[in-house]
Amino acid sequence: MAHHVDSEVGRLRTVMLHRPGPELKRLTPRNNDSLLFDGIPWVGRAQEEHDAFAEALRGRGVEVLYLGDLLTETLSVPDARESAIADVLADERLGQALRGIVRAHLDGLDGQDLATALMAGLAHEELRTGTGLAYMMMDRHDFVIDPLPNLLFTRDSSVWIGEQVAVTSLAMPARRRETSLTGLIYRHHPRFTATTRLYEPGLESVEGGDVLLLAPGVVAVGVGERTTPAGAERLARRIFAGKLAHTVLAVPIAQERATMHLDTVCTMVDVDAVVMYPNIADTLVAYTITDDGEDPRVTGPRPFLAAAAEAMKIDVLRVIDTGLDPVTAEREQWDDGNNTLAVGPRLCVAYERNVETNERLMEAGIEVIAISGSELGSGRGGPRCMSCPIDRDGAD
Ligand SMILES: NC(=[NH2+])NCCC[C@H](N)C(=O)O
């Protein structure tokens, strides 16, 4: 089955989400910073919020695939299972004796429990007794397999451009192992076996939250905390080699947590309109990279909106004027007010708490499906972060 995504706003047909699970129960005040959460979510409520998100999408005719289910199904392929286990055993913190104990533990698990261990991690105390220096010197609460609470944000660990999938190269150590799971799914799951790979983990950093498909043939890539200039360059070269776009815009964003990805400050809500953090709308710039034979041509920087409109061959890329005072704008940006997921042109999912941004969107003729995200948002991600579109209709 061929999959296809060439815009942010074409009618959404299939999306991959991750229903938060036991990996969130690993978060404590001691590890939440390094695991990239700003608080300790109430897991049951986060699941309810997430179920409502998925239901809102299904209600609009979107097929929802869950990463956890795809992973479990993938692990029924013997090669996939072996490669998943080999991957966690390669962790150099284990040492030979403990590696043997973890191997025996994982070998005893069925597909579903193995998927859970790969996602939620494994604490020392969950192992039956063992021997060896690493085993004996670890605290019972130490992880022998680290949990992956940020799997929730499926946007970042893979991104579809045209009919190809980029399995990304995640910047933060707490997230790197996520792509061994998405990589496995795309390699072995029957639904994806014929898919061409656009990018792989281990290359220069690129995260999906930085990739915005402005229009067929035009891709914007945020460059900041998560995607490096070298990552954007490599991605652009591969996009051109695959004839997936003619222009890539590299967009510098502040290297801060509040703006970790381009989609924290700008998402598309119509074929020619974005919602954007007002405090940066006038200052955002872009370098234009175009396909020019062997070496791509780079020009700029120039104002983002002008560069984008030109590449998209439209007169203007409209910015929905949220008209917010800078303090409200900053508060709603932090709570992912600009991080909308378009289900189709002029129809998007947004967190209900961003009352003012949503009101302005509606005044501008954008229908907003408001979902609650008080717990989901504690990891700093909104509807767009929590979704990986796999199929969209053409945008026009
Ligand atoms: N596309 C996004 N904006 N993703 C948000 C990811 C949030 C996650 N806690 C992180 O820090 O990586």
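Select strand E6 (residues 164-167) together with E7: the two pair in the parallel sense over three bridges. Two strands count as paired if DSSP finds at least two bridges between them. The names come from DSSP runs numbered from the N terminus, with H or I for helices of at least four residues and E for strands of at least two. Before going on, keep in mind that this is a predicted model, in which local features need pLDDT of at least 70 and side-chain atom pairs count only at pLDDT 80 or more, while totals for chains, interfaces and linings use all residues. Residues are numbered from 1 along each chain as its sequence is written.

**Stop 1: the sheet around E6**

Click on Ala166 and look across: it stands opposite Tyr199 in E7. Now add strand E5, and you have an open sheet of three strands in the order E5-E6-E7, with mixed pairing. Which strands stand at the edges? They are E5 (158-161) and E7 (196-199), each with a single partner strand, so one side of each is left without a neighbour in the sheet. From one strand to the next, the twist averages 35 degrees. While you have the strands on screen, a general point is handy: in a regular strand the side chains alternate between the two faces of the sheet.

Next, show H8, which packs on this sheet and touches E5 and E6. The direction of H8 makes about 155 degrees with that of E6. Such angles run from 0 to 180 degrees between N-to-C directions, and the axes are lines fitted to C-alpha atoms, for helices over the stretch in contact. Contact here requires that the C-beta atoms of two residues, placed from the backbone, lie within 7 Å.

**Stop 2: helix H2 and its two partners**

Two packed helices are described by the angle between their axes and the distance between the axes. Keep helix H8 (residues 178-188) and add H2: their axes come within 9 Å and cross at roughly 60 degrees. That makes H2 oblique to H8, because angles under 35 degrees count as roughly parallel, over 145 as roughly antiparallel, 65 to 115 as roughly perpendicular and the rest as oblique. The crossing of H2 and H8 is left-handed; this is the name used if the near helix is turned anticlockwise from the far one by less than a right angle, and right-handed is used if clockwise.

To see the contact, select Leu70, Leu71 and Thr74 in H2, which meet Leu181, Leu184, Ile185 and His188 in H8. These residues divide into five nonpolar, two polar and no charged. In this count, Ala, Val, Leu, Ile, Met, Phe, Trp, Tyr, Cys and Pro are nonpolar, Asp, Glu, Lys and Arg are charged, and the others, Gly among them, are polar.

Now bring in helix H5 (residues 111-120). Its axis and that of H2 (residues 67-74) come within 8 Å and cross at roughly 125 degrees. That makes H2 oblique to H5. The crossing of H2 and H5 is right-handed. Gly68, Leu71 and Thr72 of H2 make the contact with Gly111, Gln112, Ala115, Leu118 and Met119 of H5. Here the residues divide into four nonpolar, four polar and no charged.

**Stop 3: a second sheet**

Select strand E16 (residues 341-344) and strand E17 (residues 347-351), which run antiparallel and are joined by three bridges. Gly344 stands opposite Leu347 in E17. In the hairpin of E16 and E17, two residues lie between the strands, and Arg346 takes a positive phi near 60 degrees.

Adding E18 completes an open sheet of three strands in the order E16-E17-E18, with mixed pairing. The edge strands are E16 and E18 (367-371), each pairing on one side only. E17 and E18 run parallel, joined by five bridges. Find Tyr351, whose bridge partner in E18 is Ile371. H1 packs on the sheet and touches E16, E17 and E18, its direction making about 150 degrees with that of E18.

**Stop 4: the ligand and a cis bond**

Which residues come nearest to the ligand? Of the 16 around it, they are Leu36, Gly209, His261, Gly381 and Cys385; a residue is near if its C-beta atom, placed from the backbone, lies within 6 Å. The shell divides into five nonpolar, six polar and five charged residues.

Zoom in on Leu36, in the loop between strand E1 (12-17) and helix H1 (43-59). Leu36 has a positive phi of about 70 degrees although it is not a glycine.

Finally, go to Pro301 in strand E14 (residues 297-303). The peptide bond from Gly300 to Pro301 is cis, with omega near 10 degrees.
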